[in-house]
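Colleague: I should like to learn how to read a protein model feature by feature. May we go through one together?

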Amino acid sequence: MMGDDTWLQCFPHHFNKSYPFPSFNVKDLDTVDNGCTEHLFPTLYEKEWDVLIAHYLGVDHAGHIFGVDSTPMIDKLEQYNNILEKVVDVLVSQSGSGGLHENTLLLVMGDHGQTLNGDHGGGSPEEVETSIFAMSMQPPPASTELDTSYCKLDLAGREVCVDFIEQLDFAATLSALLGVPFPYGSIGRINPVLYALGPGTWNRETHIEGNCQQTDKEAWMHNYVDALCINSWQVKKYIDVYSASSVIGFSKEDLLQVTEMYTQAEKSNFNRVNDSVQYKVESCHSSVTDLKRQIDLYDKFLASVAELARTKWTEFNLEIMAIGFGFMLISIAIHFLVIKRLENLQQASSVSNGSCRMSLNAIFAYLFVAIRACSVLSNSYILEEGKVAAFLLATTAILCLRSSILNKKLLTEAIAFILLISILRFTIELGLSKQATNSSLLTVHLSWILRIDKGSSVGTYITEIVPILAMTILAYLLHKSMAHRYCPSITRYVIKGTIFSYMLIGVQWILESDLISFSHIGIKANIIPRMIYAIGVAQLLSLVLGRLVRGKNLTGWKDGILLNTVAMLSAWSSTVIVLSGKQGAFVALASIAGGWLILRLQGMEQNSNNGKYGTISLYSASVTQWSLLAACLFFGTGHWCAFDGLRYAAAFIGFDEFNLIRQAILLTIETFGFSLLLPIFGLPLLVIYNYDFNQNKHPKRLLFMQLSQVFLMYGLVTTITVTFTIICVTIQRRHLMVWGLFAPKFVFDVAGLILTDFLICAASLFIFE
């Protein structure tokens, strides 16, 4: 074995010789491949092996980092073509009678496919299907008549025939070719086309019946029937043992049907062999029909077992699922009761006792949460979830526009909110298309907005310079927000540290720019990201320790919570932006603009209510908008609820070597940074921005009540959505797309809910004294 070291992790004691190379550095396109090539060709001239595995990885890594339509991918494919040509030349040159590779079978295949942006892990055909090329050094002497390939003309007018093999059948087929026992748990069938490429399967010595000399085809079919007989016996034995030991197993009716098929096949095979021995079949050609009938009987049995296993082996414990669903309902009830209890306490403590009646915007907010939750019950809406979130957010913006017109206030802000959502809707369309990498998303966005050719020199300049300008704007806004406020020393240093990190990000992008070459400077690509990470960790530790030490010495509750919130957001922002790439600056600006517009429009609604409604009505619309904006940012940054929607390359920004915990943390921050982490830590702004201390008897107590309400309402929105996702996967557990669509959606939503609860607890501990 040579290449991917995962082989040794799975099979540490199975190889006589092994040359493993580290496989998790996706930025490294050559180390594994060069190591394979270095050891492959000398080994081809050795005799001391039965199986040789060379696992190349360059194409996989090139897809993850650069995408399919990229120069590194083309270079890798050309390199593989050259290597394959040389391998074939070596094998053919020694494939003569008595040669080293007379009976060698060459298999070239992928372990998975790729989307156009180079990712995999989902359920689409381009991800779960791949190519396999098989070449025998001794071509089959005759056709088996069991070929299921289809043929078509290529661009040169030549006939090209393509066949397929189920992944389930690969292990059984390879075992038969190698002459080793079938895997005990395999229920696959020996593929006739691939089996026919084994030179040993055409052995004619044991199949001469009386005075009748068999043809090559008949001899091969005899061997294939014998192999299928052992294959079927192994599968039947496994099914019997499984059914006897499994708690659930197969039903008696299913087992009876499978047993009848197997008995029929075995009885037919016994009769055929018995007739051949006793009566010496006079017509050689008559046995071909019997052999085909026997093959069909075994195929029918094996296909029936495989289909039965596909439908029955996906076991679901409905009792445990019901318990989990019950916990979710209890959680929703607790959220609602606590929120209502806080509302009643505020009614008793507030000077202006608002009514418990619901405002129009609050009613629509509840409706939008219900619509979004119910949308996950449809696979079509799950696929278009980002568009659904954008549509609902745009509808809330139109309601805000209505209020602005009626109140004759903030009309500009309402229109700007609608325009921002329109831009997000466009980015979601691109992000969900799976046809662009994250680097090209930025180019497409700017090219569309500015109407320029993204391949032109002007387009290149703009896509390189505009992100740096966006970082400059972010630094200016952060400095401006704190310029006229009293800041404790720790908060001031955290803000300055974030501005310095923004400068480092700009320097990083300049060094990576295609416009100017800085190769002579010698700065390693990993240094700046690591500096940003270190600054971020130091900022978070200083904020937490500062809160513990400072205690109640803060002047002004409102300014204190505001400064803490801004400091925490700034401490996280630089890491989130650098992991998101050049699009991160624009997403950060969009999140700031969206959040500020929500705050402004919420203030208008609060002033127009004039104490007529309670705090539930006051915050319902803004919390719902906050949640929908977070969802739009998730999908607008090129993510979707599938494992191929993860940007694995982000986990290696700043690092080349693989470390599971470190890479998992970085990937989590990149995936949920703009959609969970920053929005949740920014929730206190919904209360602080428009909070009036003068209208309340107990301002500090009421402030913390409202902050608790906002955190709980945000958690309630997330919990309701996840509950409906659970209902969906329960209903669709036997659906064709259960593993390709519904299961990944469930995993992402549950992971998001756990992370949401954790972040709400962390934000609450940080904000509350």
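Modeller: We shall take the sheets and a helix pair, and then the cavities. Please keep in mind that this is a predicted model.

Colleague: Let us begin with the open sheet of three strands. What is its strand order, and how are the strands paired?

Modeller: One reads a sheet by listing its strands across, and then asking how neighbours pair. Here the order is β2-β1-β3, and the pairing is parallel.

Colleague: Which strands stand at the edges?

Modeller: The edge strands are β2 (19-21) and β3 (54-55); each has a single partner strand, so one side of each lacks a neighbour in the sheet. Strand β1, residues 2-4, is joined to β3 by two bridges in the parallel sense. Within β3, A54 is the residue opposite M2.

Colleague: Which helix lies across these strands?

Modeller: Helix α2, residues 31-44, lies across β1, β2 and β3, and runs at about 160 degrees to β1.

Colleague: How do β6 and β7 pair, in the parallel or the antiparallel sense?

Modeller: Strand β6 (residues 150-153) pairs with strand β7 (residues 159-162) in the antiparallel sense, over four bridges. To follow the register, one looks for residues that face each other. Y150 is opposite V162 in β7, and K152 is opposite V160 in β7.

Colleague: What should I look for in the turn of that hairpin?

Modeller: One counts the residues between the strands and looks at the backbone angles. The hairpin of β6 and β7 has five residues between its strands, and G157 takes a positive phi near 85 degrees.

Colleague: Now for the helix pair. At roughly what angle do the axes of α12 and α22 cross?

Modeller: For a helix pair, one reads the distance between the axes, the angle and the handedness. The axes of α12 and α22 cross at roughly 35 degrees and come within 8 Å. Their crossing is left-handed.

Colleague: Which residues of α12 and α22 meet?

Modeller: From α12, the residues in the contact include N361, A365, F368 and R372, while those from α22 include S617, A621, T624 and A631. By class, the contact of α12 with α22 has nine nonpolar, five polar and one charged residues.

Colleague: Let us turn to the cavities. How many of 30 Å³ or more does a search of the whole structure find?

Modeller: The search finds five. One then asks about the volume of a cavity and about its lining. The largest cavity holds about 360 Å³ of space. Its lining has 22 residues, and those closest to its centre are R372, A631, L676, T718 and D749.

Colleague: Which element gives the largest share of that lining?

Modeller: That element is α26, with six residues of the lining of the largest cavity. The elements giving two or more residues to this lining are α22 (615-636), α23 (660-681), α25 (699-731) and α26 (738-767). By class, the lining of the largest cavity has 12 nonpolar, six polar and four charged residues.

Colleague: What of the second largest cavity?

Modeller: The second largest cavity holds about 160 Å³ of space. Among its 18 lining residues, N361, C400, A621, S622 and Q625 are the closest to its centre. At least two lining residues come from each of α12 (360-375), α14 (385-407), α21 (583-609) and α22. The lining of the second largest cavity divides into 10 nonpolar, seven polar and one charged.

Definitions and conventions:
Residues are numbered from 1 along each chain as its sequence is written. This is a predicted model: local features need pLDDT of at least 70, side-chain atom pairs count only at pLDDT 80 or more; totals for chains, interfaces and linings use all residues. Side-chain values use heavy atoms; hydrogens and water are left out. On a 1 Å grid over the protein atoms alone, a cavity is a set of points where a 1.4 Å probe fits but cannot get out, and a pocket is an open set with protein on both sides within 12 Å along at least five of seven lines; lining residues have an atom within 4 Å of a point. Grid points are joined across faces, edges and corners, and a volume is the space filled by probe spheres set on the points. Ala, Val, Leu, Ile, Met, Phe, Trp, Tyr, Cys and Pro count as nonpolar, Asp, Glu, Lys and Arg as charged, and the others, Gly among them, as polar. Two strands pair if DSSP finds at least two bridges between them. Contact means heavy atoms within 4.5 Å. Axes are lines fitted to C-alpha atoms, for helices over the stretch in contact, and angles run from 0 to 180 degrees between N-to-C directions. A crossing is left-handed if the near helix is turned anticlockwise from the far one by less than a right angle, and right-handed if clockwise.
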